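Morning, everyone. One structure today, and a quick tour of it. Let me put it up.

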Amino acid sequence: MPARAGAVDDDTYDPFEAFDHALGADKVRNPYPKFAEVRRTSPVYHGGIWKLFISDEPMAMAYNNVPVYTALSYDAVTQVLRSPGRPFSSSAYADTMGIVMGHSILEMDEPEHAGYRTLLEGVFGKRAMERWEVETIAPTIHHFIDRFAGRGHADLVREFTFPFPVHVITGLLGLPQEDLPKFHRWAIELINVGGDPARGIAASQKLREYLIGVIEQRRKEPKEDMISVLAHAELDGTRLDDEQICAFLRLLLPAGAETTYRSSSNLLFGLLSHPDQLEAVRKDRSLLPQAIEEGLRWETPLTNIIRRTVEDTEICGVPVPANAAIMVCTGSANHDESRWEDPEAFNIFRKRFPPVAFGFGPHVCLGQHLARMETTVAVNALLDRLPNLRLDPEAVDPHITGLMFRSPVALPVLFG
Ligand code: HEM
């Protein structure tokens with residue numbers, strides 16, 4: 001695969017490929033038949049998701065000597081995610097992402113979580129979103145389309161969906177664009193901590209050193225960016241300290257970049273491989289919101305999240321002991337035939353029922369409206385500017401792949 005835009009190759013190690021590899025991108029092409037087969041026998045599988053496909057567990061750090069279960073049905077997944085911390089706790093992340101991100105909102109349970117959540121929801125408020133759309137998101141998206149619009153062909157993954165979300169998130173944070181390749185690399189090394197712990201921890205330290213400097217500057221001289229807002233935000237009358245802000249930023253960089261790149265790639269793949277539905281959206285843009293939801297359901301970009309049990313409990317009647325790791329398979333839940341008819345089909349006209357791609361319950365994705373807005377601006381801009389956009393008929397086997405994270409490796413298209 002060609003080196004992707006944004007990668008800094010100061011040695012032969014490519015963190016982007018290492019991450020895809022560690023998470024099974026090249027090992028699992030289509031997990032859905034297996035999910036369906038197991039789901040038909042039980043809503044909960046006794047074992048980790050990897051055990052269904054591959055024998056080795058790349059995230060073994062997380063499950064050292066604890067029993068692992070996977071919630072697969074829609075009801076099992078929502079039951080676990082609805083929990084405020086008891087019996088299913090988000091502290092499961094403390095042993096994985098927490099090692100490199102610090103104590104972020106992701107690993108907090110109630111009531112600690114609720115205070116942070118309210119504060120951060122303010123940062124992602126409607127007025128901020130409107131400003132971001134005009135000042136950052138639309139210009140970023142058009143900047144990337146400008147590069148290939150006159151050419152008649154492009155790889156929409158390498159040239160568009162991969163680079164634009166990380167530009168958006170660093171733009172919103174107010175980080176200098178020239179440092180962006182470095183951030184992108186660190187962000188990926190950070191979330192690949194299970195695959196390469198030493199690199200993950202080193203990336204976390206480098207990000208911290210860098211970000212602490214920026215936070216200090218913004219405390220002295222606030223600007224119109226998200227770090228300035230966080231540097232002056234107060235929780236229970238006290239300002240967030242540097243470590244609290246750093247933990248949030250180390251979560252936000254990968255959360256903002258990695259998932260949105262994959263979700264917009266998956267939606268484009270769904271539309272391009274179903275030209276009648278692409279044409280319908282091109283002609284009637286009011287169909288775009290339902291197309292986005294169907295893309296998120298059909299090919300959920302992040303298929304699994306985790307929880308830990310803090311007491312003996314049950315999931316949909318299946319007993320689960322205390323201190324077990326629970327993989328919560330949103331990818332499987334979004335294909336549950338008890339909720340969606342013919343779930344394997346991409347159909348933007350299907351009866352609508354909200355998917356769980358952004359999670360569910362207290363931790364439901366904080367950036368979901370931003371992600372939807374970025375995708376809306378991106379797809380509208382592509383359809384406005386690239387007439388007769390279609391998959392390149394000579395493209396060799398375009399497809400979506402991966403287990404934990406799913407997306408196409410390439411999207412070669414023609415237009416004009
Ligand atoms: C399509 C794109 C995205 C997907 C599929 C996605 C998915 C998710 C999921 C499944 C969770 C829940 C994790 C859990 O409960 O364990 C989550 C949480 C979160 N997401 Fe996203 N996300 C996306 C985009 C974004 C963006 C653009 C941002 C911010 C810039 C963001 C920031 C966050 C944060 C801060 C949380 C933690 C919320 C909390 O713990 O209360 N996400 N996301």
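Start at the metal. Cys 365, through SG, is the only protein donor of the iron atom of the ligand, at 2.3 Å. Donors here are N, O and S atoms within 2.8 Å of the metal, or 3.2 Å for Na, K and Ca; water is not among the atoms, so sites may look incomplete. Cys 365 lies in the loop between helix H16 (330-333) and H17.

Some ground rules. This is a predicted model, where local features need pLDDT of at least 70 and side-chain atom pairs need 80 or more, while totals for chains, interfaces and linings use all residues. Numbering runs from 1 along each chain as its sequence is written, and side-chain values use heavy atoms, with hydrogens and water left out.

Now the ligand's surroundings. Where does the ligand sit? In the largest cavity. A cavity is a set of points, on a 1 Å grid over the protein atoms alone, where a 1.4 Å probe fits but cannot get out. Sitting there means more than half of the ligand's atoms lie within 2 Å of the grid points.

There are 27 residues around the ligand, and Tyr 93, His 113, Arg 307, His 363 and Cys 365 come nearest. The test is a heavy atom within 4 Å. By class, the shell has 17 nonpolar, 8 polar and 2 charged residues. Nonpolar means Ala, Val, Leu, Ile, Met, Phe, Trp, Tyr, Cys and Pro; charged means Asp, Glu, Lys and Arg; the others, Gly among them, are polar.

Which helix gives the most to the shell? H13, with 8 residues. Helix H6 (112-123), H13 (242-272), strand S7 (304-309) and helix H17 (368-385) each supply at least two. Helices (H or I, at least four residues) and strands (E, at least two) are DSSP runs, numbered from the N terminus.

Polar contacts next, meaning N or O pairs within 3.5 Å. Arg 117 puts a polar side-chain atom 2.8 Å from a ligand oxygen. For Arg 307, the distance from a side-chain N or O to a ligand oxygen is 2.8 Å. For His 363, it is 2.6 Å.

Last, the backbone. Two peptide bonds are cis: Arg 86 to Pro 87, with omega near 5°, and Glu 110 to Pro 111, with omega about 5°. Pro 111 is in the loop between helix H5 (97-101) and H6. Asp 236 is not a glycine, yet has a positive phi of about 50°.

That's the tour. Thanks.

How values were computed
Polar contact = N/O pair within 3.5 Å; in protein donor to acceptor, adjacent residues only side chain to side chain. 1 Å grid on protein atoms, 1.4 Å probe; cavity = no way out; pocket = protein on both sides within 12 Å on 5 of 7 lines; lining within 4 Å.
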